[in-house]
Amino acid sequence: MSKTSRRYFIKAGLISALLMPIAFLTNAIGARRASTPRESAGPFYPISAQQDKDFDLTHVAGSSELARGQVIIVEGRVVDTKGKAISDVALEIWQANDVGRYAHPRDTNPAALDPNFQGWATARSGNQGDFRFKTIMPGAYSVSANWQRPPHIHYKIFKRGYVELTTQMYFLNHPLNKADALIARKSSAAQRLMMATKSTPKNNINVYQYQIVLAKA
């Protein structure tokens with residue numbers, strides 16, 4: 001696929017995101033918080049099955065090597081719009097490797113693939129809505145000559161009785177956030193709901209906190 005086609009898919013995702021219902025705006029009486037904003041899944045949603053889907057993306061089963069890049073931990077919690085924890089929520093995550101390349105046939109980025117990076121994972125939230133995964137900081141990549149996507153991680157979250165959510169998590173204060181076309185289309189309040197915040201490192205590994213708020217169906 002050409003670079004033009006790759007840019008088309010990503011820009012098409014931007015357009016579709018603009019046409020989505022603004023799920024994070026709610027006027028429900030008694031609602032205490034807005035639900036996490038929706039975002040396009042993008043063109044690189046996983047399409048190939050893989051055996052290793054656990055929440056340590058830095059290591060692929062059967063390999064003794066570790067993924068390249070800066071190792072990070074993301075700790076999060078899934079709650080409803082009243083702040084109540086939601087247990088047993090199904091989560092899928094996927095992301096680019098440390099140089100901005102997805103292990104996906106549509107990604108024509110010339111950057112190298114990393115055979116030791118898992119790329120995506122599936123899991124469920126715990127009894128308190130908690131989840132945790134170990135990965136590497138995603139690399140930025142160019143969409144066009146004047147648009148570079150900042151590091152981000154894709155999520156798809158679903159549970160019966162709640163509105164299915166596809167979104168993207170960004171990293172607070174990353175310098176590329178301000179120039180990103182997808183982020184710019186969101187209100188300041190919505191942008192804050194999509195940012196992971198840096199917490200206290202553990203064993204010299206940077207930890208990021210992220211809350212996901214689901215609306216009831």
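Start by selecting strand 2 (90-94) together with strand 7 (residues 152-158). In this predicted model, strand 2 and strand 7 run antiparallel to each other and pair over five bridges. For a landmark, label Ile93 and look across to strand 7, where its bridge partner is Tyr155. Now colour strand 7 by accessibility: six of its seven residues are buried, so the strand is mostly covered.

**Across to strand 8**

Keep strand 7 on screen and add strand 8 (165-171). These two strands are also antiparallel, joined by six bridges. Pick His154 and you will find Gln168 of strand 8 standing opposite. Next, follow the chain through the hairpin of strand 7 and strand 8, where six residues sit between the strands. Stop at Gly161 in this hairpin, which takes a positive phi near 95°.

**The whole sheet**

Zoom out and show the sheet. In what order do its eight strands lie? Reading across, the order is 3-2-7-8-9-10-1-4, in an open sheet with mixed pairing. Strand 3 and strand 4 (130-136) stand at the edges with a single partner strand each, so one side of each has no neighbour in the sheet. Turn the view to follow the twist, which averages 25° from one strand to the next.

Then select strand 9 (195-198) and strand 10 (206-214). They pair in the antiparallel sense over two bridges. Label Lys198, and you will see Tyr208 opposite in strand 10.

**Salt bridges**

Time to switch on side chains. Side chains of opposite charge can pair when their charged atoms come close. The whole structure holds seven salt bridges, and here are some to visit.

Begin with Glu75 and Lys202, whose side chains meet at 2.7 Å, N to O. Glu75 belongs to strand 1, while Lys202 is in the loop between strand 9 and strand 10, so this salt bridge ties together parts that are 127 residues apart in sequence. Is Glu75 buried or partly exposed? Glu75 counts as buried because its relative accessibility is 14%, under the 20% cut-off. Lys202, at 37%, counts as partly exposed.

Next, select Asp180 and Arg149, a salt bridge of 2.9 Å, N to O. Asp180 lies in the loop between strand 8 and helix 2 (181-184), and Arg149 in strand 6 (residues 147-149), with 31 residues separating the two. Both ends are covered: Asp180 is buried at 0% relative accessibility, and Arg149 is buried at 2%.

Now go to Arg68 and Asp98, where the closest N and O atoms are 3.7 Å apart. This pair links distant parts of the chain, 30 residues apart: Arg68 is in the loop between helix 1 (3-19) and strand 1, and Asp98 is in the loop between strand 2 and strand 3 (120-124). Arg68 is partly exposed, with a relative accessible area of 34%, and Asp98 is partly exposed as well, at 25%. Add Asp114 to the selection to see a network of salt bridges that links Arg68, Asp98 and Asp114.

**Last stop: Thr81**

Finish at Thr81, in the loop between strand 1 (71-80) and strand 2. Why does this loop residue count as buried? Thr81 has a relative accessible area of 18%, and buried means under 20%. Add Ile212 and draw a distance between the C-alpha atoms: the two residues are 131 residues apart in sequence and 9.7 Å apart in space.

Methods:
Residues numbered from 1 in each chain as written. Predicted model: local features only at pLDDT ≥ 70, side-chain atom pairs only at ≥ 80, totals over all residues. Heavy atoms only, no water. Helix = DSSP H or I, 4+ residues; strand = E, 2+ residues; numbered from the N terminus. Buried < 20%, exposed > 50% of the residue type's maximum accessible area, 1.4 Å probe, protein only. Salt bridge = Lys/Arg side-chain N within 4 Å of Asp/Glu carboxyl O. Pairing = 2+ DSSP bridges. Axes fitted to C-alpha atoms, helices over the stretch in contact; angles between N-to-C directions.
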